[in-house]
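Biologist: Before we discuss this chain, could you show it to me, so that I can ask how each term is earned?

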Amino acid sequence: MPCLSVEPKVLAHFARVLDHASTEGVLDAKSLGELHREFLARDKSGNTWTVGLKTGAWNVVEAGRWVSRSTPPDRLELELDLFLRLNALPDEHRICPCCLDHQLRKHRYCTRCRFDFGP
Ligand SMILES: [Zn+2]
């Protein structure tokens, strides 16, 4: 499975979008539960991280248990398929898959790298 290396702020953005999707009922409970369960990223050492949807708190798996951390690593690996599904959730912004910049959804082309998001 191909992965994207992203800054933690991308994951924090998706946590807000996912939380919003759950409170607004834009997805059925099953799809939302699946996305929430899969909402994980890995650091370069292979540790599994996530962000609390409500709390915004960073958590990492250590010795089989979730442990809270005040700061995430500089980069996290996110599976491309998961990235694309999260990016498709309704929000004013989306992340450019090419340059990873935050972009307003109303733009068809990335204002930074000119990536074509499609119609
Ligand atoms: Zn771009």
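**How the terms are earned**

Modeller: Read along the sequence, this predicted chain runs β-α-α-β-β-β-β-β-α-β-β, where helices (H or I, at least four residues) and strands (E, at least two) are DSSP runs, numbered from the N terminus. The radius of gyration, which is taken over C-alpha atoms, is 14 Å, close to the 14 Å that the globule rule gives for 119 residues, so the chain is as compact as a globular protein of that length. That rule is 2.2 Å times the number of residues to the power 0.38. Residues are numbered from 1 along each chain as its sequence is written. Because this is a predicted model, local features need pLDDT of at least 70 and side-chain atom pairs count only at pLDDT 80 or more, while totals for chains, interfaces and linings use all residues.

Biologist: What is the average pLDDT of the chain?

Modeller: On pLDDT, the predictor's confidence in each residue, from 0 to 100, the chain averages 94, and 100% of the residues score at least 70. Among the elements, helix α2 (residues 29-37) has the lowest mean, 92, and strand β2 (residues 41-42) the highest, 98.

Biologist: Why is the span of α1 said to agree with the expected one?

Modeller: The expected span is 1.5 Å times one less than the number of residues; for the 17 residues of α1 this should give 24 Å, and the end C-alpha atoms of α1 are 24 Å apart, which agrees.

Biologist: Which residues of α1 are called buried?

Modeller: A residue is buried if 20 or more other C-beta atoms lie within 10 Å of its own, exposed if 12 or fewer, and partly exposed in between, with C-beta atoms placed from the backbone. In α1, V10, L11, H13, F14, A15, V17, L18 and A21 are buried.

Biologist: What makes a group of residues a nonpolar core?

Modeller: A nonpolar core is a set of buried Ala, Val, Leu, Ile, Met, Phe, Trp, Tyr and Cys residues joined through C-beta atoms within 7 Å. The largest one here has 16 residues, of which L11, F14 and L18 touch the most other members. Its largest share, seven residues, comes from α1.

Biologist: How do you know that β4 and β5 pair?

Modeller: Two strands pair if DSSP finds at least two bridges between them, and β4 (residues 58-62) and β5 are joined by five, in the antiparallel sense. One bridge partner is W66 in β5, opposite V61.

Biologist: How many residues of β5 are buried?

Modeller: Of the five residues in β5 (residues 65-69), the count of buried ones is zero, and this strand is hardly covered.
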